[in-house]
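User: I am new to this structure. Could you teach me how to read its features, step by step?

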Amino acid sequence: MTRQILRRAERDQARFRVLAPHEVGPHLDELEAISDEWLRTRGLAERQFSIGFFEVAAAQKPKPQTVAFLAADAEFARSAVDAAREQAKKRGFRIVYDQSYPPSTTDFTPMVRAIQATNADIVYIGAYPPDNVGIVRAA
């Protein structure tokens, strides 16, 4: 599939540039808008991330029973977690925490503590890279 995508990009004379990590931040809003518009025009929800996540989780021995969800209150993150919820329910996971947070959040400690208090077997986070860093640091 990757080869097919590259051939099409060449045919369409598409150009792209890989950004260095320090260059990503200023482009996140633009990338989010592009992704959200693409999903909206096709009537789709983000699903690819959660399918693999829950396939791997369901294959664990012993199988995890509970899941906690945390999502940025932004369209892409909400769509990702909406799809993840469907995957969790489909595979029989019990949801023990399901919250969103404002995009301006910088202190994730209260949410991480709340998740820890549920003793969830697995945690699914719908967030952008800077938020993921903050969430991991708070853990």
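Analyst: What follows takes the sheet, the helices and some unusual backbone spots in turn. Keep in mind that this is a predicted model.

User: Let's begin with the sheet. In what order do the strands lie?

Analyst: Read a sheet by strand order and by direction. Here three strands make an open sheet, ordered β2-β1-β3, with parallel pairing. The edges are β2 (94-101) and β3 (122-126), and each of them pairs on one side only. From one strand to the next, the twist averages 15°.

User: How many bridges link β1 and β3?

Analyst: Five bridges link β1 (residues 66-72) to β3, in the parallel sense. For one pair to look at, find Phe-69: its bridge partner in β3 is Tyr-124.

User: Which helix lies across the strands β1, β2 and β3?

Analyst: That is α6, residues 109-118. Its direction is about 175° from that of β2.

User: Now helix α1. Is it largely in the open or buried?

Analyst: Count its buried residues. A residue is called buried when its relative accessible area is under 20%. Helix α1 spans residues 2-11, and none of its 10 residues is buried, so it lies largely in the open.

User: What should I look for in the backbone angles?

Analyst: Start with the usual case. Most residues other than glycine have a negative phi, and most peptide bonds are trans. Then look for exceptions. Gln-13 is not a glycine, yet its phi is positive, about 55°. Gln-13 comes just after α1, in the loop between α1 and α2 (21-24).

User: Where is the other positive phi, that of Asn-119?

Analyst: Asn-119 sits in the loop between α6 and β3. Its phi is near 60°, and Asn-119 is not a glycine either.

User: Are Gln-13 and Asn-119 buried or exposed?

Analyst: Exposed means over 50% relative accessible area. Gln-13 has 67% relative accessibility, so it counts as exposed. Asn-119 is exposed too, at 63%.

User: Which residues does the cis peptide bond join?

Analyst: Lys-61 and Pro-62, with omega about -5°. Pro-62 lies in the loop between α4 and β1.

User: What does Pro-64 touch?

Analyst: Pro-64 is in the loop between α4 (48-58) and β1. Leaving out residues up to four places away in sequence, Pro-64 touches Ala-57, Phe-93, Asp-121 and Ile-122. Its relative accessibility is 11%, so Pro-64 counts as buried. Sequence distance and spatial distance are worth checking together. Pro-64 and Gly-92 are 28 residues apart in sequence, and their C-alpha atoms are 9.7 Å apart in space.

Methods. Residues numbered from 1 in each chain as written. Predicted model: local features only at pLDDT ≥ 70, side-chain atom pairs only at ≥ 80, totals over all residues. Heavy atoms only, no water. Buried < 20%, exposed > 50% of the residue type's maximum accessible area, 1.4 Å probe, protein only. Helix = DSSP H or I, 4+ residues; strand = E, 2+ residues; numbered from the N terminus. Pairing = 2+ DSSP bridges. Axes fitted to C-alpha atoms, helices over the stretch in contact; angles between N-to-C directions. Contact = heavy atoms within 4.5 Å.
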